[in-house]
Amino acid sequence: MNIITNITKGIKPCIPLILALIYTVSPIDLVPDFIPIVGWFEDALLVIVGGLNGIQNGVLEANSSLRTLIKYLKWGLLIIGGIAILIVVLLVVLVFKTVTK
């Protein structure tokens, strides 16, 4: 029983990173990769956040202050990165509409 719980605990924190890697390789994206910088930035952001989530939940102890720091770093990167991606996508759409008029 103890071995089974250790294996599940060992695999469970890696699930967000594995899903982020699958998302990065898949052709379906929120921001397509043919938009050069933004598409790649969005994929890298998700892999970094997935890795930080795995470190936070799998490696560090529950009461660790480093765990709290990684939690805030993860959410800060996700929020700031999401806002940056939205701004760049909106600017690209605005430029495209202006040029095609």
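Confidence varies along this predicted model: among the elements of the protein chain, helix α1 (residues 2-11) has the lowest mean pLDDT, at 53, while helix α4 (residues 65-100) has the highest, at 90. Look at the start of the chain with some care, for over residues 1-8 the pLDDT is below 50, and this stretch has zero contacts in the model beyond near neighbours in sequence. For the protein chain as a whole, the mean pLDDT is 82, and 89% of the residues reach 70 or more.

Now step back and trace the fold. The protein chain has four helices and zero strands, so its pattern along the sequence reads α-α-α-α. If we take the contacts with a separation of 6 or more, 47% of them join residues 24 or more positions apart. Of the 101 residues, 23% count as buried. The chain exposes about 7600 Å², and carbon and sulfur atoms supply 79% of that area.

Next, zoom in on one residue, Gln56, which you will find in helix α3 (residues 36-59). Is Gln56 buried or exposed? Gln56 counts as buried because its relative accessibility is 6%, and the cut-off for buried is under 20%. Leaving aside residues up to four places away in sequence, Gln56 touches Arg67, Ile70, Lys71 and Lys74. With Lys74 there is also a polar contact between the two side chains, at 2.9 Å.

Lys71, one of the residues that Gln56 touches, leads us to a ring. The charged end of Lys71 sits over the ring of Tyr72, 5.2 Å from its centre. As for rings paired with each other, the count of aromatic pairs comes to zero.

Key: Residues are numbered from 1 along each chain as its sequence is written. This is a predicted model: local features need pLDDT of at least 70, side-chain atom pairs count only at pLDDT 80 or more; totals for chains, interfaces and linings use all residues. Side-chain values use heavy atoms; hydrogens and water are left out. pLDDT is the predictor's confidence in each residue, from 0 to 100. Helices (H or I, at least four residues) and strands (E, at least two) are DSSP runs, numbered from the N terminus. Contact means heavy atoms within 4.5 Å. Buried means under 20% relative accessible area, exposed over 50%, partly exposed in between (1.4 Å probe, protein chains only). A polar contact is a pair of N or O atoms within 3.5 Å; within protein, one must be able to donate a hydrogen and the other to accept it, and residues adjacent in sequence count only if both atoms are side-chain atoms. Rings of Phe, Tyr and Trp (its six-membered ring) pair if their centres lie within 6.5 Å; planes under 30 degrees apart count as stacked, over 60 as edge-to-face and the rest as tilted. A charge sits over a ring if NZ of Lys or CZ of Arg is within 6 Å of the ring centre and within 35 degrees of the ring normal. Accessible areas come from the Shrake-Rupley method with a 1.4 Å probe; for residues, only the protein chains shown count as cover.
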